Amino acid sequence: MNLWVLYKKILVFVKPYRYLVLGTLLLTLIGSLMAQVNAYVLRYTVDEVSRLLDEHKSLQEGATLLLAISAILLSKELIYALIQFGQKFYGTKLRILISQDISQQVVDKILTYKMAFYTSSENESGKLQTRIDMGISSLTRLVQNFFIDILPLFANSIMALVLMFSANFYVGMVSLCIIPIYFYISQLQAKKLSGFRRNMRSYRETKNSGIIGLIESITVIKSFVREPLEAQKHKEIQDEMTSNQMSTRKLSFVFESIKGFLEQIGVVVIIILTTYFVLNGSMSIGAIMFHIMLFNNVSAPIRQLHRIYDEVNDAMIYSESFFEVLDAEHQTESSGTYVPEKIKGTITMQHVDFRYPDGTKALHDVSLVVPHGKITALVGLSGAGKSTIINLLDKFYQPASGTITLDGIDLQEFDTEFLRKNTGLVLQKNHIFKGTIAENILYGNPQATMEDVAEAAKKAYIHEQIMELPKGYDAQASLLSGGQQQRIAIARLFLKNPPIIFLDEPTASLDAIATEQIKRSLDAIKKDRTVIIISHSISQIIDAENVIVLERGRVVEQGTHEELYHNKSVYFDIFNAMASSLNIDKIAKTVADETAEH
Ligand code: ADP
């Protein structure tokens with residue numbers, strides 16, 4: 001990405017605020033004009049004082065002069081302060097507004113992206129957030145540099161330079177010669193220090209995540225007595241960080257000194273030159289101060305050049321990956337247009353092959369039928385491809401080949417939003433949002449009334465427990481137990497009321513009691529719908545009217561529980577393994593003994 005491309009890209013974000021930019025720039029221009037006033041006032045003062053001294057005038061005349069000068073300087077400072085306030089305030093406002101727009105746009109955009117975008121390794125967990133955060137902050141800084149900082153710097157410098165030239169050509173030339181040297185050194189400084197802030201940021205991140213990791217794993221650390229090892233790890237990061245910091249500081253002090261020294265050379269040359277002109281009578285004595293001050297106005301802004309240079313470089317690096325996220329049009333989810341009046345719920349898959357974006361082949365030539373209004377169980381060892389089938393049915397991914405139909409129509413032709421509104425998904429651990437129980441249930445249908453919410457909760461067999469809480473439906477949902485949260489998720493689904501439901505190991509993360517408690521809510525939600533359930537629980541599999549057995553991405557058996565059991569093949573083995581893991585013999589014996597005793 002080059003500077004011009006980047007400039008055009010951020011111009012899009014700046015455009016809505018063009019009047020704000022213009023206003024800020026105008027203030028900047030006035031500010032840089034006013035910054036030169038001191039030089040003039042000082043020249044006038046020195047010249048006037050020398051004249052008064054030469055003419056042996058009374059102290060009273062001097063006092064009038066002082067009064068006039070004080071009045072001019074103070075009122076100038078007052079106006080200058082106001083202008084600076086305006087410039088800073090509107091500049092910051094611009095930056096904040098643009099940063100807000102950029103964040104909003106990126107969030108709006110990524111919400112439309114495919115699941116593959118979120119599961120790809122380059123966007124995994126923290127990485128996407130870092131890319132977005134870094135992009136936003138460096139772009140915002142760039143806006144600040146391009147539209148707020150650079151111009152005043154240059155305006156100040158150029159203005160002072162013009163004044164110097166108009167005062168005397170040679171004096172102007174001295175300043176002009178200093179500028180390229182300054183440029184060169186600033187650029188060298190930025191180059192040498194480039195990456196410093198980046199390194200520091202990554203050190204800081206590593207250090208922070210190290211500390212977070214430490215807190216999270218404290219039990220393991222303590223039980224293995226690995227405190228010294230952890231302390232050592234931290235020390236290594238800290239040492240590296242310190243040495244990086246020290247060498248960078250050293251380098252930047254060297255550059256600052258060189259620049260300071262150069263500036264002083266400029267001042268000395270100007271003093272010598274101006275004194276020469278004063279002595280040969282072509283200038284008044286006030287010119288010495290005048291030129292020094294103007295020279296300072298030329299050089300001071302340029303002193304900051306290396307910072308801008310560095311930040312622009314930074315922005316070019318970070319914005320590249322940021323715009324990759326923002327402009328990833330190919331990641332936008334596709335949608336068909338078909339919207340039927342009613343969904344019945346017969347699902348078929350024919351010769352479906354599927355590979356995840358990272359290359360994992362998850363389904364091979366899968367053909368199956370899920371009858372409407374019935375419960376179909378997907379059975380298979382972990383990694384067999386059961387969740388992948390649900391991912392495809394939700395259109396989170398597209399099959400590589402083969403067709404998936406719903407009520408005889410290709411899934412790709414369906415309007416994706418409509419399809420998802422008509423399917424419900426309950427996962428092993430359902431997401432409970434930060435907020436109240438009512439808000440969490442309402443997620444299923446934001447237009448529902450509180451009566452609807454309570455009705456849904458009743459159907460999910462959680463209403464009474466909610467009513468026992470001091471705050472009832474206004475209690476924080478995150479405080480509920482796993483089993484209760486799962487029932488909130490089911491209540492949410494009752495409110496959504498879709499004709500098709502996918503249950504992906506809905507009880508896997510729950511203990512036996514909680515599983516027993518949510519059984520009734522699960523049975524309730526399954527009624528009169530097309531249900532696909534993935535489960536390792538025998539009781540839920542036996543309940544299914546249709547069983548599909550998967551092995552390493554292939555369908556190996558399909559039929560009813562009884563049929564498959566009699567086949568004595570894959571299902572038979574899996575089922576027996578589940579049964580023996582339950583230790584049914586012993587359970588039966590315990591129950592039998594207990595009954596015999598009574
Ligand atoms: P199951 O639900 O039967 O346990 P999955 O459908 O989750 O199995 O996984 C099938 C295969 O696809 C496994 O090999 C798994 O590692 C792989 N897989 C699942 N999700 C992804 C993903 N997002 N990216 C890449 N590979 C995946």
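A crossing of two helices is called left-handed if the near helix is turned anticlockwise from the far one by less than a right angle. The views below are taken from a predicted model.

**View 1. Crossing of helices α1 and α12 in the predicted model.** Helix α1, spanning residues 3-14, passes helix α12, spanning residues 305-326, with their axes coming within 11 Å. The two axes cross at roughly 60 degrees, and the crossing of α1 past α12 is left-handed.

**View 2. Residues in the contact of α1 with α12.** Helix α1 contributes Leu3, Leu6, Lys9 and Phe13. From α12 come Val312, Ala315, Met316, Ser319, Phe323 and Leu326. By class, the contact comprises eight nonpolar residues, one polar residue and one charged residue.

**View 3. The shell around the ligand.** The ligand is surrounded by 14 residues, of which Gly383, Gly385, Lys386, Ser387 and Thr388 are the closest. Helix α13 (residues 386-393) gives the most to this shell, supplying three residues. Seven residues of the shell are polar, five are nonpolar and two are charged.

**View 4. Polar atoms of the protein beside the ligand.** A polar side-chain atom of serine 387 is placed 2.7 Å from an oxygen atom of the ligand. For glycine 385, a backbone N or O atom lies 2.9 Å from a ligand oxygen atom. Threonine 360 has a polar side-chain atom 3.5 Å from a nitrogen atom of the ligand. On its own the ligand has 560 Å² of accessible area, and the protein covers 69% of this.

Technical notes
Residues are numbered from 1 along each chain as its sequence is written. This is a predicted model: local features need pLDDT of at least 70, side-chain atom pairs count only at pLDDT 80 or more; totals for chains, interfaces and linings use all residues. Side-chain values use heavy atoms; hydrogens and water are left out. Axes are lines fitted to C-alpha atoms, for helices over the stretch in contact, and angles run from 0 to 180 degrees between N-to-C directions. Helices (H or I, at least four residues) and strands (E, at least two) are DSSP runs, numbered from the N terminus. Contact means heavy atoms within 4.5 Å. Ala, Val, Leu, Ile, Met, Phe, Trp, Tyr, Cys and Pro count as nonpolar, Asp, Glu, Lys and Arg as charged, and the others, Gly among them, as polar. A residue is near a molecule or strand if one of its heavy atoms lies within 4 Å of it. A polar contact is a pair of N or O atoms within 3.5 Å; within protein, one must be able to donate a hydrogen and the other to accept it, and residues adjacent in sequence count only if both atoms are side-chain atoms. Accessible areas come from the Shrake-Rupley method with a 1.4 Å probe; for residues, only the protein chains shown count as cover.
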